[in-house]
Amino acid sequence: MEKQITENTIITEALEINPDAAEILMKYGMHCLGCAIAHGETIGEAAGVHGADLEQMLAELNAH
């Protein structure tokens with residue numbers, strides 16, 4: 001079974017799970033994927049900070 005990206009997944013882990021995650025996250029305004037915050041911030045936290053639609057973003061991240 002493939003690992004799913006959830007709102008509790010750390011950004012850097014999402015990048016490992018889905019090779020297309022960087023492109024998807026940048027589409028939602030998350031351009032600092034290599035910064036220190038990405039190593040501790042969850043997808044849910046980032047969505048909140050950037051005003052992104054969490055459910056839509058998760059659907060895209062898990063569609064791979």
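In the predicted model, the axes of helices α3 and α4 approach to within 10 Å and cross at roughly 130 degrees. This angle makes α3 oblique to α4. The crossing of the two helices is right-handed. On the α3 side, the residues that meet α4 are Ile43, Gly44 and Ala47, and their counterparts in α4 are Leu54, Met57, Leu58 and Leu61.

Helix α4 spans residues 54-61, and Leu54, Met57, Leu58 and Leu61 are buried in this helix. Viewed down the axis of α4, the buried residues fall within an arc of 100 degrees, so they line one face of the helix. An α-helix has 3.6 residues a turn, so residues three or four places apart point the same way. The buried residues of α4 pack against both α2 (21-27) and α3 (43-50). A polar contact is present at the start of α4, where a side-chain oxygen of Asp53 reaches to within 3.2 Å of the backbone nitrogen of Glu55.

In α3, the buried residues are Ile43, Ala46 and Ala47. Seen along the axis of α3, these residues also fall within an arc of 100 degrees, and therefore they line one face of the helix. Helices α1, α2 and α4 are among the elements that cover the buried residues of α3. The exposed residues Gly48 and Val49 are carried on the face of α3 that is turned away from its buried side. Just after α3, Gly51 adopts a positive phi of about 65 degrees.

Helix α2 contains Ala21, which is buried with a relative accessible area of 0%. When residues up to four places away in sequence are not counted, Ala21 touches Ala14, Leu15 and Leu61. Leu61 is one of the buried residues of α4. Ala21 and Leu58 are 37 residues apart in sequence, and their C-alpha atoms are 10.0 Å apart in space.

Two loop residues were also examined. Asn18 lies in the loop between α1 (11-17) and α2. With a relative accessible area of 1%, Asn18 is buried, and its side chain reaches the backbone oxygen of Leu61 at 2.8 Å. Leu61 thus recurs in the description: this residue of α4 meets α3, touches Ala21 of α2 and provides the backbone oxygen reached by Asn18. Leaving aside neighbours within four places in sequence, Asn18 is in contact with Ile5, Ile24, Glu60, Leu61 and His64.

Thr42 is placed in the loop between α2 and α3. Thr42 is buried, with a relative accessible area of 13%, which falls under the 20% cut-off. A polar atom of the Thr42 side chain lies 3.3 Å from the backbone oxygen of Glu7. With neighbours within four places in sequence left aside, the contacts of Thr42 are Glu7, Asn8, Thr9, Ile10 and Ile11. Glu7 therefore appears both as a contact of Thr42 and as the source of the backbone oxygen beside its side chain.

Technical notes. Residues are numbered from 1 along each chain as its sequence is written. This is a predicted model: local features need pLDDT of at least 70, side-chain atom pairs count only at pLDDT 80 or more; totals for chains, interfaces and linings use all residues. Side-chain values use heavy atoms; hydrogens and water are left out. Buried means under 20% relative accessible area, exposed over 50%, partly exposed in between (1.4 Å probe, protein chains only). Helices (H or I, at least four residues) and strands (E, at least two) are DSSP runs, numbered from the N terminus. The arc is that of the directions from the helix axis to the C-beta atoms. Contact means heavy atoms within 4.5 Å. A polar contact is a pair of N or O atoms within 3.5 Å; within protein, one must be able to donate a hydrogen and the other to accept it, and residues adjacent in sequence count only if both atoms are side-chain atoms. Axes are lines fitted to C-alpha atoms, for helices over the stretch in contact, and angles run from 0 to 180 degrees between N-to-C directions. Angles under 35 degrees count as roughly parallel, over 145 as roughly antiparallel, 65 to 115 as roughly perpendicular and the rest as oblique. A crossing is left-handed if the near helix is turned anticlockwise from the far one by less than a right angle, and right-handed if clockwise.
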